[in-house]
Amino acid sequence: MTSIDIVFIINSILLGVGLAMDAFSVSLANGLAEPRMGLPRMTIIAGTYGFFQFAMPMIGWFCVHTMIEYFKSFEPFVPWIALVLLLYIGGGMIRDARSSGEDEETGRLSYAMLFMQGVATSIDALSVGFTIAEYDTMTAFLCSLIIAVVTFLICVAGLVLGKRFGMLLSSRAQILGGIILIGIGIEILVSSFT
């Protein structure tokens, strides 16, 4: 392995860590809301975030190589889309927690919500397609795959931490999870202006 290969791998890992922070926070919120979540469910949730973190840079890379003008006109709306999705999901979690009290199934994440979370937390990764535009197809694929694996591992850690604290916080955990999701949406929007 050459030093260029090592630099590529390190850069891809660091890119994955940076991109996975929103997904980590959402995983933490999901673990808080569903403290009795089992390993198969954790794998599905973390795998979904990893898949979207893989797909979005590849879609961005594809757009750069095929329809760059259309993608550039769409890019300013990315933070707003993430904000709306996370406000909807977070607000729903808070509403459900307040209306159903101690029902332990309330915090269970539906597949539709998981899909929306996956899109919302990875939509900013579309821009990564610009940063890896000089890569050939196989290199872009490998970079995106490394990002996906890093995201998966970080999200599993977020789910485990969330579960531990969720057991302690009981019914307030879902409200806290909703607040975290809304905060992430606001942070994505605000950071797009800086």
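This briefing covers the fold, core, helices, salt bridge and surface patch of one chain. The model is predicted: local features need pLDDT of at least 70, side-chain atom pairs count only at pLDDT 80 or more, and totals for chains, interfaces and linings use all residues. Residues are numbered from 1 along each chain as its sequence is written, and side-chain values use heavy atoms, with hydrogens and water left out. The chain has eight helices and zero strands. Helices (H or I, at least four residues) and strands (E, at least two) are DSSP runs, numbered from the N terminus.

**Overall fold**

- Along the sequence, the pattern reads α-α-α-α-α-α-α-α.
- The chain holds 194 residues, and buried ones make up 46% of them. Buried means under 20% relative accessible area, exposed over 50%, and partly exposed in between (1.4 Å probe, protein chains only).
- Contacts between residues at least 6 apart in sequence are mostly long-range: 91% join residues at least 24 apart. Contact means heavy atoms within 4.5 Å.
- About 9,900 Å² of the chain is exposed, and carbon and sulfur atoms supply 71% of that area. Accessible areas come from the Shrake-Rupley method with a 1.4 Å probe; for residues, only the protein chains shown count as cover.

**Nonpolar core**

- The largest nonpolar core has 43 residues; Ile45, Tyr49, Leu86 and Leu181 touch the most other members. At least two core residues come from each of helix H1 (3-33), helix H2 (39-66), helix H4 (78-100), H5, H7 and helix H8 (172-193).
- Such a core is a set of buried Ala, Val, Leu, Ile, Met, Phe, Trp, Tyr and Cys residues joined through side-chain atoms within 4.5 Å.
- In soluble globular proteins, nonpolar side chains tend to be buried together.
- Leu86 touches Val26, Gly91, Ala120, Leu181, Ile182, Ile184, Gly185 and Ile188, leaving aside residues up to four places away in sequence.

**Ile188 in helix H8**

- Ile188 lies in helix H8. Its relative accessible area is 7%, so Ile188 is buried.
- Not counting residues up to four places away in sequence, Ile188 touches Asp22, Pro79, Ala82, Leu86 and Ala120.
- Ile188 and Ala82 are 106 residues apart along the chain, yet their C-alpha atoms are separated by 7.3 Å.

**Helix H5**

- H5 (residues 111-122) has 12 residues and should span 16 Å at 1.5 Å a residue; its end C-alpha atoms are 16 Å apart, which agrees. The expected span is 1.5 Å times one less than the number of residues.
- Buried residues in H5 include Met113, Leu114, Gln117 and Gly118.

**Gly158 in helix H7**

- Gly158 sits in helix H7. Gly158 is buried because its relative accessible area is 0%.
- Phe24, Ser27 and Leu28 touch Gly158, not counting residues up to four places away in sequence.
- The C-alpha atoms of Gly158 and Asn30 are separated by 8.6 Å, with their positions 128 residues apart along the chain.

**Salt bridge**

- The structure holds one salt bridge. Glu34 pairs with Arg41, with the closest N and O atoms 2.7 Å apart.
- A salt bridge is a side-chain nitrogen of Lys or Arg within 4 Å of a carboxyl oxygen of Asp or Glu.
- Glu34 counts as buried at 8% relative accessibility. Arg41 is buried too, at 11%.

**Nonpolar surface patch**

- Met138, Phe141, Leu142, Leu145, Val149 and Leu153 make a nonpolar surface patch of about 560 Å².
- Patches are made of residues with over 30% relative accessible area and no salt bridge: like charges are joined within 9 Å, nonpolar side chains (Val, Leu, Ile, Met, Phe, Trp, Tyr) within 5 Å.
- Leu153 is in helix H7 (residues 137-169). Leu153 is exposed, with a relative accessible area of 54%.
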